[in-house]
Amino acid sequence: MKTFRRQLLALAALGLTLGASALTPALAADKPLVLGFSQVGAESEWRTANTNSIKDAAKQAGVTLKFADAQQKQENQVKAIRSYIAQKVDVIAFSPVVETGWDTVLREAKAANIPVILTDRAVNVSDPSLYVTFIGSDFVEEGRKAGKWAIEWAKKNAPTGDVNIVELQGTVGSAPAIDRKKGFEEAIKAEPRLKILRSQSGDFTRAKGKEVMEAFLKAKDKKIHLLFAHNDDMAIGAIQAIEEAGLKPRKDIAIVSIDGVRGAFEAMVAGKLDVTIECNPLLGPQLMQLAKDVKAGKTLPKRITTEEGVFAADVAAQELPKRKY
């Protein structure tokens with residue numbers, strides 16, 4: 001009898017063990033994916049919309065998001081990435097402040113077997129396997145679109161003589177600043193009359209855009225015909241400087257900028273901006289799906305480019321109510 005009782009107890013214990021082990025995979029499957037994300041900062045309307053998209057998408061996708069604002073400093077991003085490595089998150093994603101200087105920390109992530117996704121901005125690394133994929137815009141193409149628009153503007157509004165351009169660049173060393181300048185210069189080579197008179201960083205902010213534009217306007221050696229701003233926020237700051245100098249934006253100085261934020265559409269409706277080249281910040285849903293695909297071991301393309309349009313002032317009024325950012 002005692003032997004039989006011991007056998008029953010042993011079988012019961014075995015059943016409990018088997019039951020627990022059978023539940024383990026299910027519990028693991030229900031565990032939410034943990035994503036560590038380092039954002040550039042909050043320097044513009046675009047960046048705010050990008051951050052909101054990522055946070056909202058994480059909630060909807062059931063992803064546990066660990067978010068850090070780098071305040072436009074690379075050292076803060078490196079610190080955040082190392083923190084995510086120490087916390088053993090499932091996936092790391094970040095929008096790099098600048099292109100270079102990432103090899104060491106990305107090697108640390110690779111050594112920890114944590115996959116890395118780049119969003120919005122690319123990096124220049126010695127080993128491309130240090131990140132899985134990039135999702136974002138084609139910044140060179142955005143610059144080309146701005147340059148092509150400038151050529152058409154010049155044909156209609158300045159058929160003879162040189163067309164003097166001033167350029168407000170983005171953050172020095174950042175992918176969008178480098179690539180948008182490259183694309184713009186490539187495009188305007190087709191029309192030698194278009195000449196970049198001055199080019200300086202406005203750091204993607206309204207305040208700095210206004211400050212640099214004021215300096216451009218004070219150097220009165222040559223008339224400025226057109227402003228190319230690497231983002232809408234700098235363009236809006238520059239518009240303030242133009243008006244304070246007693247000039248009329250669009251009439252005295254044509255303005256083309258990039259991003260397609262609501263503020264740009266409002267400026268076009270007010271007759272103060274000629275055109276904005278779209279750069280879609282709503283990358284959150286795609287990022288969450290990519291993070292899940294990466295964790296599941298799926299093979300992904302090295303670069304995923306978003307589709308974007310060009311919006312001129314004549315369509316601004318009808319497009320403004322449709323803008324989500």
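Which residues of H10 are buried? I began my notebook with this, keeping in mind that the model is predicted.

**Entry 1, helix H10.** I looked up the helix and found that its buried residues are Gly284, Leu287, Met288, Leu290, Ala291, Asp293 and Val294. I then recalled that an α-helix has 3.6 residues a turn, so residues three or four places apart point the same way. For the cover over the buried residues of H10, I noted that it includes helix H2 (45–61) and several strands, among them E1 (34–39), E3 (91–94), E4 (116–119), E5 (133–136) and E11 (303–305).

**Entry 2, length of H10.** I checked the span of H10, which runs over residues 284–295: because each residue should add 1.5 Å, its 12 residues should span 16 Å, and the 17 Å between its end C-alpha atoms agrees with this. Just after H10 I came to Gly297, which takes a positive phi of about 85 degrees.

**Entry 3, the chain.** I turned to the secondary structure of the chain, which comes to 11 helices and 12 strands. I looked up the radius of gyration and read 26 Å for the chain, whereas a compact globule of 325 residues would have one near 20 Å. Along its principal axes, the C-alpha trace spans about 110 × 40 × 30 Å.

**Entry 4, burial and contacts.** I noted that 51% of the 325 residues count as buried, and that the chain has an accessible surface of about 15,400 Å², with 54% of that belonging to carbon and sulfur atoms. Among contacts between residues at least 6 apart in sequence, 73% join residues at least 24 apart.

How values were computed: Residues numbered from 1 in each chain as written. Predicted model: local features only at pLDDT ≥ 70, side-chain atom pairs only at ≥ 80, totals over all residues. Heavy atoms only, no water. Helix = DSSP H or I, 4+ residues; strand = E, 2+ residues; numbered from the N terminus. Expected span 1.5 Å × (residues − 1). Buried < 20%, exposed > 50% of the residue type's maximum accessible area, 1.4 Å probe, protein only. Contact = heavy atoms within 4.5 Å. Rg over C-alpha atoms; globule rule 2.2 N^0.38 Å. Areas by Shrake-Rupley, 256 points an atom, 1.4 Å probe, with all protein chains shown as cover.
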